[in-house]
Amino acid sequence: MIQRISFLSKYPGRTLPGMLFLFLVTQLALSGCGSTLDSEFLQAEPGEEFSGGDATVFADTSSAFSLPAPNLTFEQNGEFKVGNSFFEQDWVVAPASTTVRDGLGPTFNGRSCAACHNKDGRGKPPDTPEEIPLGLLFQISITGKDAAGSPLVEPNYGGQIQLRSNPGIPAEAEASVSYVEMPGTYGDGTAYSLRVPVYDFFNLAFGDFHPDIEISPRVAPQMPGMGLLEDIPESQILALADPDDADGDGISGRPNQVWDFLAVETRLGRFGWKANQPNVRQQVAGAFHADIGITSTLFPEQNCPSGQSECVGAPHGGIPEVEDDILAFVEFYTQTLAVPARRDWEDQNVLAGKQLFNDLGCVRCHHPQFTTDANYVVSQLASQTIRPYTDLLLHDMGEGLADGRTDFEASGSEWRTPPLWGIGLIETVSGHTEFLHDGRARNFAEAILWHGGEAEVSKEKFRQLNAGDREDLIRFLESL
Ligand code: HEC
Ligand code: HEC
Ligand SMILES: [Ca+2]
Ligand SMILES: [Ca+2]
Ligand SMILES: [Ca+2]
């Protein structure tokens with residue numbers, strides 16, 4: 001039996017044209033808002049090309065996301081290289097002669113970190129309904145939370161759908177992605193089309209999904225700058241939160257509060273599309289566990305729901321499968337990947353686009369600048385002026401983008417503002433421009449046009465721009 005998840009089905013009784021009508025009504029209501037332009041950003045700020053402070057690299061080739069922070073010591077560069085090798089190489093089925101890299105699965109989504117974060121870049125949904133998703137995965141849960149605030153796992157399938165498995169072990173399901181086009185027009189009459197994803201799940205190996213299943217499709221983000229994001233002082237992030245919209249600008253911004261397995265308490269969430277991971281260590285160990293099937297001291301149990309007998313009975317690759325020192329190398333590697341410098345930051349059109357990025361209110365969520373904390377495990381990343389263009393907070397982005405899955409404090413329509421640094425190089429590194437949490441946007445314009453909820457006013461101002469201004473704003477994004 002096929003289970004289908006589509007974003008159209010969230011509008012009960014409404015077919016596509018009815019949904020378009022909804023969009024139109026909102027647009028009319030908002031088109032009265034004007035913006036007063038000031039010219040604060042029409043000049044380059046000193047040093048603004050250094051997106052990652054001292055951890056910036058001037059690189060614009062396909063390896064632009066893969067370089068270490070330039071100021072690592074000789075010894076640290078060695079650790080980075082070891083971490084890099086464990087990030088790139090495939091894990092193998094246990095038992096194997098290469099005991100340091102065995103323990104893959106029994107079920108998994110990718111054989112290595114790099115399988116999804118190829119060249120440390122951005123994953124994407126499959127090009128055809130026949131292709132098995134790789135850089136796109138599905139986190140799942142059922143309605144409710146456990147004592148730690150975590151989403152409740154689906155009883156037969158766990159917290160994620162593993163589409164791949166070792167020989168003799170059933171993969172949990174097959175999945176296929178297709179799209180329905182949803183046409184729209186800019187204020188100047190130019191037509192565009194947005195694609196609405198539709199997900200089909202079939203060959204479910206352990207029975208139908210629980211009736212209350214919530215499914216969140218997510219693509220693999222690019223890797224640069226994770227250590228710098230980890231070192232943004234919590235106080236600076238919380239200062240940007242406005243949960244009740246006290247300043248009345250229509251934008252709230254809430255921190256996610258998530259379970260930290262090492263600290264054994266709730267901490268500010270920073271990583272992932274809903275900020276459901278508190279730090280790089282847990283993000284990396286969680287990826288080993290859920291994505292590759294590799295246990296660690298942080299997540300020591302094989303990722304096998306109890307009803308999956310072949311999975312439960314399969315040989316493991318050691319206790320744990322990834323040793324603590326290797327986990328630490330991959331953590332260090334992830335923390336110290338440099339951020340590429342801006343390109344064309346002094347170009348007049350780019351600066352005009354930057355002005356628009358300010359005037360349209362994009363900066364209210366894509367917060368331009370922070371100073372990292374003076375204390376950090378990698379001292380070279382401390383006290384840096386960085387320009388990540390994120391507030392690391394959750395925002396309600398409207399029904400159109402909603403996955404309907406709660407994730408700790410994040411509701412079904414809330415997403416973490418993604419960092420925009422490096423985003424202009426995704427095309428060079430990863431060979432595509434498929435943006436947003438599930439890769440549904442095919443370019444920058446579509447990514448902006450999908451913004452709704454708290455970003456509806458910003459989106460609408462963008463839709464009303466003339467073609468030249470739209471182009472300038474996109475030139476700015478390309479320069480990040
Ligand atoms: C099957 C594909 C896949 C594999 C394999 C994988 N990842 Fe990921 N990675 C993702 C997805 C999807 C996300 C977003 C997860 C979320 O939103 O919760 C992600 C998120 C991340 C993030 C957070 C990025 C951010 O912007 O917050 C880091 C860091 C990361 N992965 C590192 C790793 C490491 C290290 C490995 C190997 C141990 C790995 N990943 C393996 C798909 C993958
Ligand atoms: C209310 C907060 C908010 C505002 C205002 C906002 N954004 Fe976003 N932006 C987000 C969030 C949250 C996402 C992720 C949504 C998703 O993936 O479903 C996002 C995603 C994006 C992406 C895709 C990023 C990626 O990694 O795939 C781009 C590009 C972007 N925004 C640009 C803009 C521009 C340009 C503006 C102004 C016209 C703007 N945003 C206004 C919150 C905001
Ligand atoms: Ca394993
Ligand atoms: Ca599973
Ligand atoms: Ca506000």
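**Ligand sites and a calcium ion in a predicted model**

A polar side-chain atom of Arg122 sits 2.6 Å from an oxygen atom of ligand 2. Hi everyone, that contact is my way into this structure, which is a predicted model.

Let's stay with ligand 2 for a moment. Which residues come closest to ligand 2? There are 26 residues around it, and the closest are Arg122, Cys362, Cys365, His366 and His451. We have already met Arg122 through its contact with a ligand oxygen. His366 also makes a polar approach: one of its polar side-chain atoms is 2.9 Å from a nitrogen atom of ligand 2. Leu436 takes part through its backbone, where a polar atom lies 2.8 Å from an oxygen atom of the ligand.

What kind of residues make up this shell? The split is 16 nonpolar, 7 polar and 3 charged. As for secondary structure, β16 (414-416) and α11 (444-449) each contribute at least two of the shell residues. And if you are looking at cavities, the space that ligand 2 takes up is the largest cavity.

Before we move on, have a look at Asp438, in the loop between α10 (426-430) and α11. Is Asp438 buried or exposed? With a relative accessibility of 0%, Asp438 counts as buried. Its side chain has a polar contact of 3.3 Å with the side chain of His437.

Now over to ligand 1. Here the shell has 29 residues, with Cys113, Cys116, His117, Gly272 and Trp273 coming nearest. Ligand 1 contains an iron atom, and the only protein donor to that iron is His117, through NE2 at 2.0 Å. His117 itself lies in the loop between α3 and β4.

The polar contacts of ligand 1 are worth a walk-through. Trp273 places a backbone N or O atom 2.8 Å from an oxygen atom of ligand 1. Asp291 has a side-chain N or O atom 3.1 Å from a nitrogen atom of the ligand. Arg416 has a side-chain N or O atom 3.2 Å from an oxygen atom of ligand 1. Zooming out from those contacts, the elements giving two or more residues to this shell are α3 (113-116), β4 (136-145), β9 (213-219), α6 (280-292) and α8 (324-336). Which element gives the largest share? That is α6, with 6 residues. By residue class, the shell of ligand 1 divides into 17 nonpolar, 9 polar and 3 charged.

My last stop is the calcium ion, ligand 4. Its protein donors are Tyr157 (O), Gln160 (O), Gln162 (OE1) and Glu172, which is listed with two OE donors, and the distances run from 2.3 to 2.5 Å. Along the sequence, the donor residues follow the spacing Y-x2-Q-x1-Q-x9-E. Why does the pair Gln160 and Glu172 tie parts together? Gln160 is in the loop between β5 (151-152) and β6 (164-165), while Glu172 is in the loop between β6 and β7 (174-185), so the two link parts that are 12 residues apart in sequence.

How accessible are those two residues? Gln160 has a relative accessibility of 6%, so it counts as buried. Glu172 is buried as well, with a relative accessible area of 0%.

To recap, I'd keep these in view: His117 as the only protein donor to the iron of ligand 1, ligand 2 in the space of the largest cavity, and the calcium ion with Glu172 among its donors. Thanks, everyone!

Conventions:
Residues are numbered from 1 along each chain as its sequence is written. Chains are lettered from A and ligands numbered from 1 in the order in which they are written. This is a predicted model: local features need pLDDT of at least 70, side-chain atom pairs count only at pLDDT 80 or more; totals for chains, interfaces and linings use all residues. Side-chain values use heavy atoms; hydrogens and water are left out. A residue is near a molecule or strand if one of its heavy atoms lies within 4 Å of it. A polar contact is a pair of N or O atoms within 3.5 Å; within protein, one must be able to donate a hydrogen and the other to accept it, and residues adjacent in sequence count only if both atoms are side-chain atoms. On a 1 Å grid over the protein atoms alone, a cavity is a set of points where a 1.4 Å probe fits but cannot get out, and a pocket is an open set with protein on both sides within 12 Å along at least five of seven lines; lining residues have an atom within 4 Å of a point. A molecule sits in a cavity or pocket if more than half of its atoms lie within 2 Å of its grid points. Helices (H or I, at least four residues) and strands (E, at least two) are DSSP runs, numbered from the N terminus. Ala, Val, Leu, Ile, Met, Phe, Trp, Tyr, Cys and Pro count as nonpolar, Asp, Glu, Lys and Arg as charged, and the others, Gly among them, as polar. Donors are N, O and S atoms within 2.8 Å of the metal (3.2 Å for Na, K and Ca); water is not among the atoms, so sites may look incomplete. Buried means under 20% relative accessible area, exposed over 50%, partly exposed in between (1.4 Å probe, protein chains only).
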